[in-house]
Amino acid sequence: MKLNKITAAVLAGLMTASFAAPVMADTALTGADAIAKRQELMKLNGMTLRAAGSATGDEAVAAAQTFVDNFTMLETLWPEDSQGGESDALPAVWEDHDAFMMAMSNASAAAGTVLSAAQSGDMAAYGAALKGLGATCGGCHKTFKQP
C-alpha cells in the first residue's frame, strides 16, 4: 500500500509519540511545561484524527494507540499553575474541573473504542468510533477551549 506524504509524516510522529509517552507519563509537568506538552499532544491528536480515517490494519492500530496514550497523559496536564499563559484553555477547565475531567475521561473511553475497533479489523466500526472520538473532542473544545 502506498502512503501519501501526510500519512507517512503522521505515522512517523505516532511512532515517536508512542515511544515517548510512557517516559513522559512518569514525569509530573507543571506550569508552562504542562501547557506546552498538552498543546503538543492535542496537535498530534488533531493530525492523527485527520489521517486516521484512511488508515487500515497496523496503521489504524497505531493511530488508535496514539489516541489512547495521549489522552492518558493529557488527563495529568491540567495543574492549577497552568492556567493562563500561552494557552487556549478557558477558565472553565479549573472552575468546573470535575466536568472537565469527565470530558477527558470520555475522550479516553472513546479512544479505547477506536483502538478496540482497529484491533478487530472491523473498518466500519473503526470509522464509527473515529467519528465518535471526533464528536467527543469537539464537545470538549466547545466548553473548555477558546475558539
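This briefing introduces a few residues and the main nonpolar core of the structure above. Please keep in mind that the model is predicted. We begin with the core, whose 36 residues make it the largest nonpolar one here, and then visit two buried residues of helix 2, isoleucine 35 and threonine 48.

**The nonpolar core**
- Within the largest nonpolar core, Phe67, Phe71, Val114 and Tyr126 have the most contacts.
- Two or more residues of this core come from each of helix 2, helix 3 (57-74), helix 4 (92-95), helix 5 (97-120) and helix 6 (123-144).
- Helix 5 gives the largest share, ten residues.
- As general background, nonpolar side chains in soluble globular proteins tend to be buried together.

**Tyrosine 126 and its partners**
- Setting aside residues up to four places away in sequence, tyrosine 126 touches Ala52, Ala55, Ala60, Ala63, Val114, Ala117 and Ala118.
- One of these partners, Val114, is also listed with Tyr126 among the residues with the most contacts inside the core.

**Isoleucine 35**
- You can find isoleucine 35 in helix 2, which covers residues 31-52.
- Isoleucine 35 counts as buried because its relative accessible area is 7%, under the 20% cut-off.
- Beyond its neighbours within four places in sequence, isoleucine 35 is in contact with Ser82, Gly84, Gly85, Glu86 and Ser87.
- Glutamine 83 is 48 residues from isoleucine 35 in sequence, with 8.4 Å between their C-alpha atoms.

**Threonine 48**
- Threonine 48 also sits in helix 2.
- With a relative accessibility of 1%, threonine 48 is buried.
- A polar atom of the threonine 48 side chain lies 2.7 Å from the backbone oxygen of leucine 44.

Key. Residues are numbered from 1 along each chain as its sequence is written. This is a predicted model: local features need pLDDT of at least 70, side-chain atom pairs count only at pLDDT 80 or more; totals for chains, interfaces and linings use all residues. Side-chain values use heavy atoms; hydrogens and water are left out. Helices (H or I, at least four residues) and strands (E, at least two) are DSSP runs, numbered from the N terminus. Buried means under 20% relative accessible area, exposed over 50%, partly exposed in between (1.4 Å probe, protein chains only). Contact means heavy atoms within 4.5 Å. A polar contact is a pair of N or O atoms within 3.5 Å; within protein, one must be able to donate a hydrogen and the other to accept it, and residues adjacent in sequence count only if both atoms are side-chain atoms. A nonpolar core is a set of buried Ala, Val, Leu, Ile, Met, Phe, Trp, Tyr and Cys residues joined through side-chain atoms within 4.5 Å.
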